[in-house]
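Colleague: Could you take a close look at one part of this model for me and walk me through it slowly? I'd like to know what sits beside what, and then how the rest fits around it.

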Amino acid sequence: TEPIRVAAVDLGATSGRVMACRVGARTLHLEELHRFPNGAVPVHGGLFWDVLGIHREVLAGVREVARTGHLDGIGIDSWAIDYGLLGAGGRLLGNPRSHRDRRTDGVPEQVRRTVSDAELYGITGLQQLQFNTIYQLVSEGSFDGVERLLLLPDLLTYWLTGEVGAERTNASTTGLYDVRARDWSLDLTKRLGLPGAVLPALREPGSVVGPVLAEVAEYVGVAGVPVIAVGSHDTASAVVAVPAEEESFAYISSGTWSLVGLELESPVLTEAARVANFTNEGGVDGTIRFLKNVMGLWVLSESVRTWADKRLRDVTLPGLLAGATEAPALRTVIDIDDPRLLTPGDMPARVQQLAQEAGEPIPRTPVAITRCIVDSLVLAYRRNIRTAAELAGRDVDVVHLVGGGSQNALLCQLTADALGVPVLAGPAEAAALGNGLVQARALGADLPDLGAMRALIRRTHDVRRFEPRPGLDWDAAESRVAARRDGVDR
Ligand code: LFR
């Protein structure tokens, strides 16, 4: 039989990609046909997504997929949490905000006065991140004229099909979703004075949303193509594509954010999990993604951007990483989850500031700063994988590192060293693969469960293995950071 060929749209905070994903009985092939830069736009102190521009790039990418072969389906995944509000007639009311916008500063404290952290965790099972949708909505103030809230992939899907809905994996990241009832918590919206009626009906990953609208068909050159709800939260799609064979694995989905944790059958809602600030997000096929957000390669990509803005010559990511590999290990370590690293800006200066406050040697060169970021990130990986295993009562014998970070050999090797277990790195385009596989299944491919999808990835994709090396004192480095973290679990 003909392989299924779909457009997998994977949107990241720093770049968007449209891939042709071809799925056969024993083949799986991804071809990147369109890539564009993305980034939040600062305006008058706010931070906004150019969502119409993103829509245009999605259309251009899908058209390219259609131009180069047959097109059986379209699926969209993106970062979570952010949303657009629609008014009468489905009109978009303003540009969606980035979760890195400062408007939610202090909002969790405000919400806590109505719903305690413990109660909120008992309902949603979500880690406290000040940018969760619930806090963004509270900061909106007024909902005059608002008829619908659509998370970003759902908004783009609406523009393609005219259908509204809330894909379940992404809905689970909002802080308005009841993880046990598996539905919106309208009790929560009511208590916080939020309009629960604007939340659309939930839809399952793997369900067909509908065919593209005539105007879309005309633009891309083919009519009737179904848009399929995938795990529209990029992390949900990435976890689908973790090529795990064994049970006792942890994963790190390493992109702009690093998502560090385990796949479970049911949520862990213990007080210990809440205090450790672990999240229970919904995965494809009813799984739970028990994980923690770690600040991730964002700190490095913002640093590179800062150096480029200052026109420092010779500062390229490969060059920096090559230098960092030769640089002394664990010389300067910082708390990579410090909230001051969340917002865009002069990251190298902030890293130096954090080092100084911590009494660590101040890294002076781009290479030294890069090494400090990578070492600090690895410490956070180590800490959170250990905590996840402990909280869930599971063993971890191997760590799968997927996403862009899997191409960073220094990061992968140090993660293996720090945890004392092998790291299996790749695929880098896990989210797009998970997106494409879920679409293929909806279109009839014989991929009954996650195990079958993962087996297909193992058969078709190279995974690089990093064995742990002894020699560095990770415990000592951790205690230097722990002293600064001071019991704060972010
Ligand atoms: C990763 C991700 C994380 C989410 C963050 C913000 O791209 O989706 O899972 O916490 O972005 O939406």
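Modeller: Let's start with S16 and S18, two strands that run antiparallel and are joined by seven bridges. One of those pairings to click on is Leu259, whose bridge partner in S18 is Asn293. Keep in mind that you're looking at a predicted model. The chain has a mean pLDDT of 96, with 99% of its residues reaching 70 or more, and the predictor gives the complex an ipTM of 0.97 and a pTM of 0.97.

Stay with S18 for a moment. S18 is mostly covered, with seven of its seven residues buried. In a regular strand, side chains alternate between the two faces of the sheet. You can follow that here: Ile288, Phe290, Lys292 and Val294 point one way, Arg289, Leu291 and Asn293 point the other way, and all of them are buried. So Lys292 and Arg289 are both on the buried list, on opposite sides of S18.

Now look at another partner of S18. S17 and S18 pair in the antiparallel sense over four bridges. If you want to trace them, Thr279 has Leu291 as its bridge partner in S18, while Asn280 has Phe290. The hairpin made by S17 and S18 has five residues between the strands, and Asp285 among them takes a positive phi near 60 degrees. Most residues other than glycine have a negative phi. Asp285 goes the other way, with its positive value in a residue other than glycine. Asp285 is partly exposed, with 15 other C-beta atoms within 10 Å.

Zoom out one step and you get the whole sheet. Seven strands form an open sheet with mixed pairing, in the order S17-S18-S16-S15-S19-S20-S21. S17 and S21 stand at the edges, each with a single partner strand, so one side of each is left without a neighbour in the sheet. On average, neighbouring strands of this sheet are turned by 30 degrees against each other, direction ignored.

A helix goes over this sheet too. H14, residues 366–392, lies across S15, S16, S18 and S19, and runs at about 20 degrees to S16.

Next, the ligand, which ties back to where we began. The residues surrounding the ligand include Leu259 and Asn293, and those two are the bridge partners from S16 and S18 I pointed out at the start. The others around the ligand include Trp79, Ala80, Ile81, His99, His233, Asp234 and Thr235, along with Gly255, Thr256 and Trp257. By class, that shell has five nonpolar residues, six polar ones and one charged one.

Follow the sheet towards its other end and there are a couple of loops to check. Pro427 lies in the loop between S20 and H16, and the peptide bond leading into Pro427 from Gly426 is cis, with omega near 0 degrees. Most peptide bonds are trans. On the other side of S20, the loop between H15 and S20 holds Gly420. Gly420 is exposed, with 11 other C-beta atoms within 10 Å. Gly420 and Pro470 are 50 residues apart in sequence, yet their C-alpha atoms are 7.9 Å apart in space.

For comparison, here are some strands from elsewhere in the chain. S8 is covered on both faces, with Arg148 and Leu150 buried on one side and Leu149 and Leu151 buried on the other. S7 pairs with S8 over four bridges in the antiparallel sense, and Tyr83 stands opposite Leu151 in S8. Then there's S2, residues 15–23: eight of its nine residues are buried, so S2 is largely enclosed by the rest of the structure. S2 pairs antiparallel with S1 over eight bridges, and a hairpin of three residues joins S1 to S2. Nine bridges join S2 to S3, again antiparallel, and the hairpin of S2 and S3 has four residues between the strands.

One last backbone oddity: Arg182, not a glycine, has a positive phi of about 55 degrees. Arg182 is in the loop between S10 and S11 and is partly exposed, with 13 other C-beta atoms within 10 Å.

Note on methods
Residues numbered from 1 in each chain as written. Predicted model: local features only at pLDDT ≥ 70, side-chain atom pairs only at ≥ 80, totals over all residues. Buried ≥ 20, exposed ≤ 12 C-beta atoms within 10 Å, placed from the backbone. Pairing = 2+ DSSP bridges. Near = placed C-beta within 6 Å. Nonpolar A, V, L, I, M, F, W, Y, C, P; charged D, E, K, R; others polar. Axes fitted to C-alpha atoms, helices over the stretch in contact; angles between N-to-C directions. Contact = placed C-beta atoms within 7 Å. pLDDT = per-residue confidence, 0-100.
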